[in-house]
Amino acid sequence: MSERRVLAIDAGQSGIKVRATAASGEDLLFPGIRTGEPLLPQLAAVVAETAARTGSPADIVVAGISGLTDANADADAMLALTAAQGVRGVVLAHDSTTSFLGALGDRRGAVIAAGTGVVTLAVGAETTARVDGWGWIMGDAGSGYWIGREALDAVMRAYDGRGPTTELTATVSDRWPDLSQAYMSLQADPDRVRVVASFAAVVARAAVAGDTVAQDISVRAAHELAQSVRAAIAQVRTDEETFPVCAIGGVFGSIPLLEAFTADLHTGDASVRLVDPVGVGIDGVVALADLGTSHPLAAVTHRAGDIR
């Protein structure tokens, strides 16, 4: 029997990364998930285009998907959409699952992935716990969007005289010269979530430069992120002497935020330790194809067809 051909899809809002294990070359990149449109047809289109570009159709499609809901986690429907491409098995999972596998592999611990949004997943001996990942309206505390929203709030407070001046105002004014009309432009922008999240990088730079408002936002974001990790660990931890934590995603590219997060995380419990990830999300998607059914994470995946 020939070796199975696995197509791994790491599907996020800012971009989709694809790795075809039977094909050589670099991972393929596609535009991110369009959250206002049906999810599975978008992924099926990625499968078809990847087959056309690589000349290597897949036997098994494995996907880690940002914000995957129960309504969209229909592996049977995904198999039906891709069967014409030769697919015989499908595995779908929330990207917190694949981020965990990419960062920590097959062991206990917690992984917090913070980009535009944020989600934390902790895995214990027998159980798992997911914290936050509730989206920009109801959650994602400490995420890139959360930081960007806090930055815009600070700028408008300074504009009104309700808050201290900040270097953040200059960058926001570059985008919207008339700050009194900025809110109208932003609300009308269909890409407003990404636009708001883009100011997280501005906060990171301003914090390094010594802007006290940006530093305060960074510290508060770090505390929110550390709180999520602690909440997740508390739900799964048993008798582990140490509990490793990986922090991944663009938000942790901010040195002030990472330092504040590390200090906050380690305060009061020296056995919880921040460790370096062994891989990235797409590596975790590939690993998902071989995840044993006895692993705690197997219970939160959705499978259809023959994935052997």
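This is a tour of selected sites in a predicted model, with a selection to make at each stop.

**Stop 1: strand S9**

Select residues 243-248, which make up strand S9. The strand is mostly covered, and 6 of its 6 residues are buried. Colour its side chains by direction: Phe243, Val245 and Ala247 point one way, while Pro244, Cys246 and Ile248 point the other way. Buried residues are found on both of these faces.

Now add residues 109-114, strand S6. S6 and S9 pair in the parallel sense, over 4 bridges. To find one of the bridges, go to valine 111, whose partner in S9 is cysteine 246.

Next add residues 272-274, strand S10. S10 also runs parallel to S9, and 3 bridges join the two strands. Here the residue to label is leucine 274 in S10, which stands opposite valine 245.

**Stop 2: helix H3**

Select residues 95-104, helix H3. How many of the residues of H3 are buried? The count is 10 of the 10, so the helix is largely enclosed by the rest of the structure. The buried residues include Asp95 as well as Phe100, Leu101 and Leu104.

Within H3, centre the view on threonine 98. Its relative accessibility is 0%, and it therefore counts as buried. Show the residues around threonine 98, leaving out those up to four places away in sequence: the contacts are Gly64, Gly281, Gly284, Val285 and Leu288.

Then step past the end of the helix. H3 is followed by glycine 105, which has a positive phi, near 70°.

**Stop 3: two aspartates with positive phi**

Most residues other than glycine have a negative phi. The next two selections depart from that pattern.

Select aspartate 132, which is in strand S8 (residues 128-132). Its phi is positive, about 60°, although it is not a glycine. At 8% relative accessibility, aspartate 132 is buried.

Then select aspartate 140, in the loop between helix H4 (135-138) and helix H5 (144-160). The phi of aspartate 140 is also positive, near 60°. Is aspartate 140 buried or exposed? With a relative accessible area of 7%, it is buried.

**Stop 4: aromatic pairs**

Show the rings of Phe, Tyr and Trp. The model has 3 aromatic pairs. The tour visits two of them, beginning with tryptophan 136 and tyrosine 145, a tilted pair with 5.4 Å centre to centre and 55° between the planes. Tryptophan 136 is partly exposed, at 36% relative accessibility, whereas tyrosine 145 is buried, at 12%.

Move to tryptophan 176 and phenylalanine 199, which also form a tilted pair, with 5.9 Å between the centres and 40° between the planes. Which parts of the chain does this pair tie together? Tryptophan 176 lies in the loop between helix H6 (168-175) and helix H7 (182-188), and phenylalanine 199 lies in helix H8 (residues 192-208), so the pair ties together parts that are 23 residues apart in sequence. Both partners are buried: tryptophan 176 has a relative accessible area of 11%, and phenylalanine 199 has one of 5%.

**Stop 5: the second largest pocket**

Select Arg149, Leu152, Tyr183, Leu186 and Gln187, the lining residues that lie nearest the centre of the second largest pocket. The full lining has 17 residues, and the pocket holds about 350 Å³ of space.

Show H5, H7 and H8, each of which supplies at least two lining residues. H5 gives the most, with 5 residues. Colour the lining by class to see 12 nonpolar, 2 polar and 3 charged residues.

**Stop 6: the largest cavity**

Finish with the enclosed spaces. There are 2 cavities of 30 Å³ or more, and the largest holds about 40 Å³.

Select Leu7, Val47, Thr50, Ala51, Ser56, Pro57, Ala58 and Gln85, which line the largest cavity. Helix H1 (residues 39-54) gives the most to this lining, with 3 residues. What classes of residue make up the lining of the largest cavity? There are 5 nonpolar and 3 polar residues, and no charged residues.

Terms used
Residues numbered from 1 in each chain as written. Predicted model: local features only at pLDDT ≥ 70, side-chain atom pairs only at ≥ 80, totals over all residues. Heavy atoms only, no water. Phe/Tyr/Trp six-rings, centres within 6.5 Å; stacked < 30°, edge-to-face > 60°. Buried < 20%, exposed > 50% of the residue type's maximum accessible area, 1.4 Å probe, protein only. 1 Å grid on protein atoms, 1.4 Å probe; cavity = no way out; pocket = protein on both sides within 12 Å on 5 of 7 lines; lining within 4 Å. Points joined across faces, edges and corners; volume = space filled by probe spheres on them. Nonpolar A, V, L, I, M, F, W, Y, C, P; charged D, E, K, R; others polar. Contact = heavy atoms within 4.5 Å. Pairing = 2+ DSSP bridges.
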